Structure formats: structure tokens, C-alpha cells
Amino acid sequence: MNALYTKMVDEAMAAQRADVATIKEKRGTKYTVPDGKAYLDAVTQMGVAEGQSKEVIDLHVESVKAHYGRLSALTNYVRPEDDPFVEHYQTPPVLEILCEEDPGFKKSLEAFIEGIGKAEAIIGRESARRYAGFYGPTCVVDFALIPGSTSNVVNQILRTVDIPTPHKQAILAAKSWGMNTSYGVGEVFANALEAGDTLTDATRKEVEQLQAIYDHPVDAQVDLMEKAGMTSFDPKKYMEGYKQDIRPFVKAAIDAGVHYGNIVTVPAYCVGDISHHIAQSTYNMCKDDVVMAVIEAVTDVMEKSLRASLDKVRSESQVLSLATGSSAAATEYILELDGFNAPVVVDLLTKRFHNYVQLYPTRGAAAELHNCDFMDMIWRGWRLLDSARRKRNGGGDKLVPLAAGYPVDLSPIHENEVLMIPQRYAYPASAITVRFSALMRLADYPCLLTSEPVTATMMTNVIALHPEQIAAPVRACKDCASASMVDFRHEYCQWREAV
């Protein structure tokens, strides 16, 4: 099994390094779509280990190839305002292919759409709670079933619909890791309400929007992009071309018995590095040397920690947990170098959230999603570091937190000259908030800290080992930071009730 774990780490770190190296080289310049070829080249090196499904690996690799090819044919530049959407154009075509290839699944999807129409009470309540900030900071597109997320609402509705369980699971997955359109629950409701609609009318419009993204997902995404003012390329042409390219690999996965829930998720989560992570917005953010240094140092911690334990890990889930746990510990450690920690930041951002709701009642559904990702990450890191500090006590030994039971090597942070000499980036005698301020920039965009390319690559490897088992969304308590420290919302989660 060591060969498999080495493969997972090699492929994941190749994807991460492709992003980081490109951003380091190009930061401060104008982005072009060919900049993403480094990531494409890394992905095309993914292989199939013994016991893995080739069809699952193909869904990942061929999706990235199709994404790069179709995007390159349509544009040379994606505006920062448009780059968050590039990973939302894959699931709509895949969902349509499943309906075209399997009339039984299409019938189930139609029953679910009818169920949405009968779920006004659920949809109205959940939309009102999101609008009012009832749940506190929440990620509307969370890959778990947290309160306020679209997955949470979809799961509640699916529980009222009588269709085969595997179909329920696929429909749920399509709006979790599989980002079926850019729509997040409650956005139409909030805008309608603020425009003067009654609660009844606002709920009706919300129901119609939710039905649309399942009834005609490609056209619904086109409509959403027109309303959002997306001008970088023609989304209809992209999705038509992508659908043509990915169809044979979807059909192969169907024939191989891959769970439909995996078919709708694997192709979407892997493409975002081209024109989203490797993108103009990232180039702009990483002009700041300290921001760039944080990303580099966390990446180094992750890789050193993974490679040091490759001979010891006992399961693919431990490899994934060590990857995400080490990056969490590293980010929290950098935060603590300036005297901050997760409890302070979670309290700060949660309080800020409630003010933000009052200032911006029609805030975008995605507004606080990355703040939530960041808080959840540092909260996890804080617990790892806190445990290590308690064990070290006053002995003065090197601080070595454990993630998944394996040591996290924090030395790359101390070896990073930028992070260790923050006086170069502020008034030297008072440079005590420099690293914290860089982390607050990353709180809006922590994708390369969490890290998405690493998680996407490793998850595809895990799914390829168990293609018939549904992987998304996460059916476990996410241990949300705000819910764990500030807000009382655990009873509204759906992880134990997941279809």
C-alpha cells in the first residue's frame, strides 16, 4: 500500500506545486489562460494504481483537459469577477448526460423537482434564516451538511421524496462537491424581499429558482451568469463543448458501476485551478510578499509532514487527514506568531458577520463561505497545537503537533525569511501584526491553504479505490468553528440524517 500512498502524495503535491510556482512567477502580472497549463500538465500525470478505478481517474483527468481546452478556445483572459464560477460549469452537463443515459435517473430527478415544489415551508424557513443570519457564519456551498448550506436544504427535501436511495445520494452530491450551477440557496429570496416582495412571493421565486437548476441545469447556469454579469466567455458554448468532451468518460463510469454521486462530483472539484486559483485575483493578492510567503510555508509544511510519514500511514484516509491537518496546524502556528489564535479570530469574524448581515441584507449567498473555511481550518489547527503545547509543558522541547497521529513538521515556517523578518514589511519597531494582516487577506481566499488542489487530487484517489461508495457530501460532524465556540446551531445540522 505504500506505493499507493506515495502516489497520492506525489500527485497531490504536483498539483499544489504547479499552482504555487506559477503564482510565484506570475504574481503582479496579467493572467492568461495558458498560465494554467502547469496545473494541466501535473494532472495529466495522474495514474491508476492497483485496485483503483480507471474510470474515476479518467473523470478527473479528462475533465481538466476538457476544461482547459474549451476555455482556451473561448478566451485568453478571465476577469477576477468571473473566476469563481469556472468550477460551476461541469456538473450541469454531467447531470444532463446522466438523465439522457438513464431514464430511471431522469424520472427520479423529476420527482425531486416536484418535491421542491411541495417544500415551500422548508425552503421559506431556510431562506429566511440565511437572510437574517440565524445560523451565524455559514458556507452556502459547504461540502458537508452544515446549517444554512444548500446541501442541508436539499437533504431535507430529499427525505420527503420517494425515489431510490442511490438516486437521492446522487442528487445530493450534485449540489455539494458537484457544484450544479453557481446558485446558493436563499439568494433569490433575499433580493426579492428587499425589493418589496411579500414573504410568500419571495418563497415562490426561491422555489422556482431551485427547481430550475435541476430541471435544466445548463440553461439555468447560463441565466445565472447573465444576471451576474459574467462577460469573460460564452458559458453556453463552454458547457456544450465540455459536455461533448466528457460524455464518453461519463458513459464509461456508468458502465463500470461508479456511483452516480461520484460521477457528478469528481469532474467539478478538480478544474478550479485553471482560471480560479491560477488566476488574476490570485496574482493580485499574492503581490504582497507576506501573503505569498504564507502560502509557500504552509505548502512546505504539508509536503515535509506527508513525506516523513509515508512509511508509517496505514490508510488512504490518514494520508488525507495528515495533509489537511498539517496545513491547518501550520496556518494556526503563523497566526500565533503574532499573538493571535483561532478563538480570537473566530470570535472576531463571527461578530463581524452579524454586523455584515445588517449592513448588507442582500449580500451574496457566498459572501462568508471562505471566512468559514478559514475559521474551520484554524480551529482545527488550534486544537492540534494546544494539545501539543500541553504535552510539551515547560520542557522547552520542539513543538510537534500530531495530525491523524503523525507529526507535523513546522520547521519550514522558521526557515521562511519573509515570515521570520516581518519588520521588512511594516514600521520595523512595531511590526507585530504583519503576518496576521496577511492571514486576514487569506481568510477571504484560503483555497491554497486548505488546500483545494491537494484535497481534490487525494479525494479522487480515494474514490477510485471505492467507486461504488458515495463520497459526497461528508457524512460526519464537520466540527464547525463558530458552532463549536460561539453559536448554538448543532441541532440544525443534517449529517446524521444524510440520505
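Helices, here runs of at least four residues, and strands, runs of at least two, are assigned by DSSP and numbered from the N terminus. By this assignment the protein, examined here as a predicted model, contains 25 helices and two strands.

The overall dimensions were considered next. For a chain of 499 residues, a compact globule would be expected to have a radius of gyration near 23 Å, and because the value for the protein is 22 Å, the model agrees with that expectation. Along the principal axes, the C-alpha atoms occupy a box of roughly 65 × 50 × 45 Å. Of the 499 residues, 59% are buried, while the accessible surface amounts to about 19,000 Å², with carbon and sulfur atoms contributing 51% of that area. When contacts between residues at least 6 apart in sequence are considered, 81% of them link residues that are at least 24 apart. The protein carries 50 positive and 65 negative charges, and the mean positions of these two groups lie 2 Å apart.

At the level of single residues, attention was given to Glu206, which belongs to helix H10, spanning residues 199–215. Glu206 is buried but forms no salt bridge, since a salt bridge requires a side-chain nitrogen of Lys or Arg within 4 Å of a carboxyl oxygen of Asp or Glu, whereas Arg130, the nearest side chain of opposite charge, is 7.5 Å away from Glu206. When residues up to four places away in sequence are left aside, Glu206 is in contact with Ile123, Ser127, Tyr183, Val185, Gly186, Glu187, Val188 and Phe189.

Methods
Residues numbered from 1 in each chain as written. Predicted model: local features only at pLDDT ≥ 70, side-chain atom pairs only at ≥ 80, totals over all residues. Heavy atoms only, no water. Rg over C-alpha atoms; globule rule 2.2 N^0.38 Å. Buried < 20%, exposed > 50% of the residue type's maximum accessible area, 1.4 Å probe, protein only. Contact = heavy atoms within 4.5 Å. Areas by Shrake-Rupley, 256 points an atom, 1.4 Å probe, with all protein chains shown as cover. Lys, Arg positive; Asp, Glu negative; His and termini not counted. Charge placed at Lys NZ, Arg CZ, Asp CG, Glu CD.
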